[in-house]
Amino acid sequence: MSTTPPVLAAELAAAWADIQRHHSELPDLAAPESLIGESSSACGSGLSFERLLHEAVHGIAAARGIRDTSRAGRYHNRRFLAIAEELGLVHPEEPHPSSGFSLVVLAPETRRRYRPTMERLQRALKAYDAATETDTGGSFRGPAARHGSSGGGVRVKAVCDCGRNVRVVPSVLAQAPIMCGACGKPFRIPDPVVEAAAGPVEREAVAAVG
């Protein structure tokens, strides 16, 4: 059972759908809780629309079969940057030696395009933050704050038998199945033994867990 508050889950889904309206090849958002529960710190310091658009870049890269990261998902390469620019994100500085072009930000025109969606999502995040603080005595730390040095928050590609795929944190998938909205079957992380037998080209489609 998802522990994501219904209002926040709905706003995450709505924001993702808004991105899909501009970029139709973006896969569906299978599990909002995967964005809230854990994340690689290379993908942002907390949950926001900017972070959601960053994750959409990874989604489109996966849909195109493009390897947009290396070093266990930490280093974001120029292929990631090219797709990020398509989605209205920019990287105003030189690549970071550890995370590459990860720290992309919203371009001014992108901020204007999504302003109503960003405001709705921000209200839902503030409400979630307030509820968390009331319930636990602490504030919502954001996904990256919970990312440990073990690399357990790095996403890998999970596939469905119908050919669709999503990026997911393995520990999130282990908690409960993530069902494909197209065929109703569960997404799964490919067996590394099978992937090894497939050859180096096929293996590059699956991100390594470090």
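Is leucine 29 buried, partly exposed or exposed?

**Exercise 1. Place leucine 29 and describe its surroundings.**

Solution. The model is a predicted one, in which local features need pLDDT of at least 70 and side-chain atom pairs count only at pLDDT 80 or more, while totals for chains, interfaces and linings use all residues. Residues are numbered from 1 along each chain as its sequence is written, and side-chain values use heavy atoms, with hydrogens and water left out.

Step 1: leucine 29 has a relative accessible area of 21% and is therefore partly exposed, given that buried means under 20% relative accessible area, exposed means over 50% and partly exposed lies in between, with a 1.4 Å probe and protein chains only. Step 2: leucine 29 lies in the loop between α1 and α2 (33-37), where helices (H or I, at least four residues) and strands (E, at least two) are DSSP runs numbered from the N terminus. Step 3: with residues up to four places away in sequence not counted, leucine 29 touches Leu12, Trp16 and Leu35, contact meaning heavy atoms within 4.5 Å. Step 4: leucine 29 and glutamate 55 are 26 residues apart along the chain, and their C-alpha atoms are separated by 9.9 Å.

**Exercise 2. Describe how α1 packs with α3, and locate leucine 52 in that contact.**

Solution. Step 1: helix α1 (residues 6-22) and helix α3 (residues 49-64) pack at an angle of about 55 degrees, and their axes are 11 Å apart; axes are lines fitted to C-alpha atoms, for helices over the stretch in contact, and angles run from 0 to 180 degrees between N-to-C directions. Step 2: α1 and α3 are therefore oblique to each other, since angles under 35 degrees count as roughly parallel, over 145 as roughly antiparallel, 65 to 115 as roughly perpendicular and the rest as oblique. Step 3: the crossing of α1 and α3 is right-handed, a crossing being left-handed if the near helix is turned anticlockwise from the far one by less than a right angle, and right-handed if clockwise.

Step 4: α1 contributes Leu12, Ala15, Trp16 and Ile19 to the contact, and α3 contributes Phe49, Leu52, Leu53, Glu55 and Ala56. Step 5: the residues of this contact of α1 with α3 comprise 8 nonpolar, no polar and 1 charged, where Ala, Val, Leu, Ile, Met, Phe, Trp, Tyr, Cys and Pro count as nonpolar, Asp, Glu, Lys and Arg as charged, and the others, Gly among them, as polar.

Step 6: leucine 52, which is placed in helix α3, is buried, with a relative accessible area of 1%. Its C-alpha lies 8.1 Å from that of alanine 15, although leucine 52 and alanine 15 are 37 residues apart in sequence. Not counting residues up to four places away in sequence, leucine 52 touches Leu12, Ala15, Trp16, Ile19, Leu35 and Leu121.

**Exercise 3. Work out how α3 meets α4, and which side of α4 is buried.**

Solution. Step 1: α3 and α4 pack at an angle of about 115 degrees, with their axes 9 Å apart, and the two helices are therefore roughly perpendicular to each other. Step 2: α3 passes α4 in a right-handed crossing. Step 3: the contact is made by His54, Val57, His58, Ile60, Ala61 and Arg64 of α3 together with Phe80, Ile83, Ala84 and Glu86 of α4. Step 4: by class, the contact of α3 with α4 has 6 nonpolar, 2 polar and 2 charged residues.

Step 5: in helix α4 (residues 78-86), the buried residues are Phe80, Leu81, Ile83 and Ala84. Viewed down the axis of α4, its buried residues fall within an arc of 165 degrees, so they line one face of the helix; the arc is that of the directions from the helix axis to the C-beta atoms. Step 6: the buried residues of α4 pack against α3, β2 (75-76) and β3 (89-90).

**Exercise 4. Characterise strand β1 and the loop that joins β1 to β2.**

Solution. Step 1: threonine 69 has its place in strand β1 (residues 69-70), and at 7% relative accessibility threonine 69 counts as buried. Step 2: threonine 69 touches His58, Tyr75, His76 and Asn77, residues up to four places away in sequence not being counted. Step 3: arginine 71 lies in the loop between β1 and β2, and has a positive phi of about 55 degrees although it is not a glycine. Step 4: alanine 72 is placed in the loop between β1 and β2; alanine 72 has a positive phi of about 60 degrees although it is not a glycine, and is buried, with a relative accessible area of 13%.
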